[in-house]
Amino acid sequence: MEDETSLEMENEMLRMRLVEEQEKEQQEREQSYFRKGCDPFAQTQRSKLQTRRVRLNQQINKEMRLRSGAENLLRASSNHKVKETVSLELTYVNSNLQLLKEELSELNSSMEIYQNDSGDGLSIPLIPLGLKETKEVNFTVPLKEFIEDHYRDKGEAFEGAIKELMELRQAVRTPRRNQAGVELLMEYFNQLHFLDCRFYALHKRPNIHFTWYDSLTGIPANKRDIALERASILFNVAALHTQIGAHYDRSTIAGLDAAIDAFLKAAGAFSYLLENFSHAPTLDMSTGSLVMLTRLMSAQVYECQFQKALVSGIKNEFEALLCVARDAASVSDAYLMARQAMEQSSVLDYVPLSWKTMVQVKVEHLRALSHHYAALAFLDHCLGAEEDEEHKGKLLAQLHVSDTSWLPTEGLLRNKEECKKLGKAHLRRAVLLHEEALRVHMFCKPLRRLDVLQEVLTFSHNHSLTKYSDLDEEDNFLDIDEVPNIAAKPQQKLQLTLPNFTNVKAMDLFLALGPLPTFSARNHWSTPRSVILTPCEDGFGLMLRGDAPVKVAGVEDGGVAERAGVCAGDCIVDICERDARWARHDDVVGSMLAAGDEGVQIRLISLLPPEPLEVVDHRKDSGLGSGRGTFPLSSSPSSSPNHGAGGAGGAGTASGRLEQASRSRGLRTLGWFTGRKTVKHSTLPSSCLGIKTVDENS
C-alpha cells in the first residue's frame, strides 16, 4: 500500500515537473519575438479587428485558389457534365468571395474603434487605414544556402542572425499603436536594406517568397522580390500613423498638434511610395490608390488645422470670421479633391463605401460652415462711420469664387440692410448644405452607427437653422439672392513629412560576413585559397593597403608572394586561422612580420569579373531580377537608412569594426620594407623557396 502511494506521489511530481517545463517552453516561445513596440497578446478592440481581418484574408485566399482551379478545369475539360458541375461550383465560389469581400469592406469601415472618445468636445471621426497582413517567412534554408554558395562561408555560423531576423519580422506583424510600434517597423525596414545588399542582386537572390494581402480587398500577392517587402512595411508605417492620428484627443491643442503630425507623416509616406514604388502587385499600392490616400490624409491634416483654430477661439471680428470661412472652404476643397481621386476608374470599386460617403459628408458640412461663418461676419459687423472701408472691401472682393459684380457696388459694408441680406443668403446656403450632409449620411449604414457624427451634423444644422429662422421671422418680406461658394484660402500651407530613415538605428545582423561595401551580393568572389608564406631576406615581396579587409596592392616579381600565387587585388580574409575580414591594416602587417621560419598562413579571395550583360538581362527578363529598379529606396543618401551601430559607414560597434572599415590606408610594403635587410635579388636563394600552397579542401 505504501509502495502504491509512493508511486502515485512520484508520478504526480513528475507530471508537475513536465507541466512546469511545458509552461516554461511556451513562455520562451512567446517571448522569442516579443520585442519593444510589439504586443501580439494585447486583446484591444483594434487588435481584435486586425485578427478578424487576418482570418478574412486567409479565407479570401482559399476561395481564390478554388476559383482559379475551377476556371482551369473548366477550360481544360470537354465533358459536358463535368463543365456543368464545375460551373455550378464556380458560381458558389464567386458568391462566397463576394460575401467575404463585403465583410472585409465592413471591417475597413469600422472607424469608431480607432477614434478617441475621452474628450469633452465633439469631433467628426477621421478615417484610419488597416495594416497589410502577411504570411510567415522562413529565412533559414534559403539564406544558409546563399551564404555557403556566394560567400563560401558556413551557413550554420549564422543561425543566430537568421533567427533574430525572423523574430523581428514576426514582431512587425503586430506592432503597437504608438511611436514604439512605428520605430519597430522602421527598424525592420532598415534591416531590409542590409538584407537587400547582402543577399539580393540582379543575377542572384535567395528563394524566399513574400506574401502580402491587400489592405482593403484581402487579395494576396506573392513575390520573390524584396521590394514588395520593403514597400509593404513602409505602407504599414503610413497606415499605423493614420491609426495613431485618429486616436488622439482632438478637443485639445496638444492632441490636435499630435494628430496633425501623425497625418503629415502618413501622407508623406504614401507620397514617398508613390514616387519610388512602381508596378505594384496589390491595388492598395497602385498609383491611383496612393494618390487617393495622399489626398485623403492631406485633407485630414487641413481638417485638424481648421479644428485647431476653432479650439483656440475665434475673434468676433469681421476679418477673423472671413478668414475662418475661407479656411473651412479650403478644407472642403481638399476633401473634394480626395473624393475626385476616389472616383477614378482604377479605384472606384475598390474604395469602401463608408470612406466615399464620409468624404462627401465632410465636403458638404465644411462648405456649410464656410457660409455660416461668412454670414456671421455680415450679420454682426456693419462698418461704422469712421471705419476704413477700403481694407474690408478688398476682403469682401476676395471672399467668393466668382466675380463680385452681383454685389452692390458702393457702400455695401456701411448699409446694414444690405449686410443683413447678404448674411441671410449665406445662412440659407449653410442650412441647405447641412441638410445635404445629413441626407448623404443617412444613406450609408456604417456611418449611421457613428453617433458622434450624427450629433455633430445635427448640432451644426440646428445652429444655422435657428439663426436663419430668427432672421426670416424679422425680415420675411426681404428677397435674398443665391450666393456663390466661399473662395478657399488655407491659413497654413501643407508640407508633408517624408519618412526619415535615420531616426531608427539598425544593426546589420550579418555583420560577420564582412564589411558591406566589399562583401555584398553584387560582388562575386573566388573560392578562398590558403597559402603559407615563409619570409626570406627580401621579406614576402608584396604590398598591402587598406582596412577591413586588407588588400594586396602589388607583388614583387619573383618574390615569395608571387611564387605562392598571390595576386594584386586579392583580399586577406584569414590570417593564422583568425578571421581577418574586419582586421586592421596594422594588425595584419604585425602578424606577418611576427612570422618565424615556419611562415604565416593566410587565406585569400579574388574579385571575379561581373557576368555578361546578356546573361543578367536574360535572368532579369525571366523574373529572376531583384527588382531594385522598381523601388530604389537606397539609391540616394536621403533615402538610405541609418546604419547605426551596424552600418558600414556608421559609428563603430564595440569591436570598432565599422570605424576600421571606413578608414583608408596608404601603401605598406612587406618585403620592400619590413625591418629586415633590404637587399633585392633578381634570383632568390634556395633558402627562400619555403613556400607551401594549402588546398582549401584538405
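**Burial and nonpolar cores in a predicted model**

C304 is buried, its relative accessible area being 0%, whereas C576 is partly exposed, with a relative accessible area of 34%. Both values come from a predicted model, and the structure as a whole holds 0 disulfides. The protein chain has 698 residues, of which 50% count as buried.

**Cysteines**
- C304 is classed as buried because its relative accessible area of 0% falls under the 20% cut-off.
- C576 is classed as partly exposed because its relative accessible area of 34% lies between the cut-offs of 20% and 50%.

**Chain organisation and surface**
- The protein chain comprises 19 helices and 10 strands.
- When contacts between residues at least 6 apart in sequence are considered, 79% of them join residues at least 24 apart.
- The exposed area of the protein chain is about 33700 Å², and carbon and sulfur atoms supply 50% of that area.

**Nonpolar cores**
- The largest nonpolar core has 124 residues, and the members that touch the most other members are F139, L143, L195, F199, Y335, W355 and F510.
- Helix α7, spanning residues 226-247, gives the most to this core, contributing 13 residues.
- L195, once its neighbours within four places in sequence are left aside, is in contact with F139, L143, L165, Y200, I226 and F510; among these partners, F139, L143 and F510 are also listed with L195 as touching the most other members of the core.
- A second core, separate from the largest one, has 23 residues, including A561, V589, A595 and V600.

Notes
Residues numbered from 1 in each chain as written. Predicted model: local features only at pLDDT ≥ 70, side-chain atom pairs only at ≥ 80, totals over all residues. Heavy atoms only, no water. Helix = DSSP H or I, 4+ residues; strand = E, 2+ residues; numbered from the N terminus. Buried < 20%, exposed > 50% of the residue type's maximum accessible area, 1.4 Å probe, protein only. Contact = heavy atoms within 4.5 Å. Areas by Shrake-Rupley, 256 points an atom, 1.4 Å probe, with all protein chains shown as cover. Disulfide = S-S within 2.5 Å. Core = buried A, V, L, I, M, F, W, Y, C linked by side-chain atoms within 4.5 Å.
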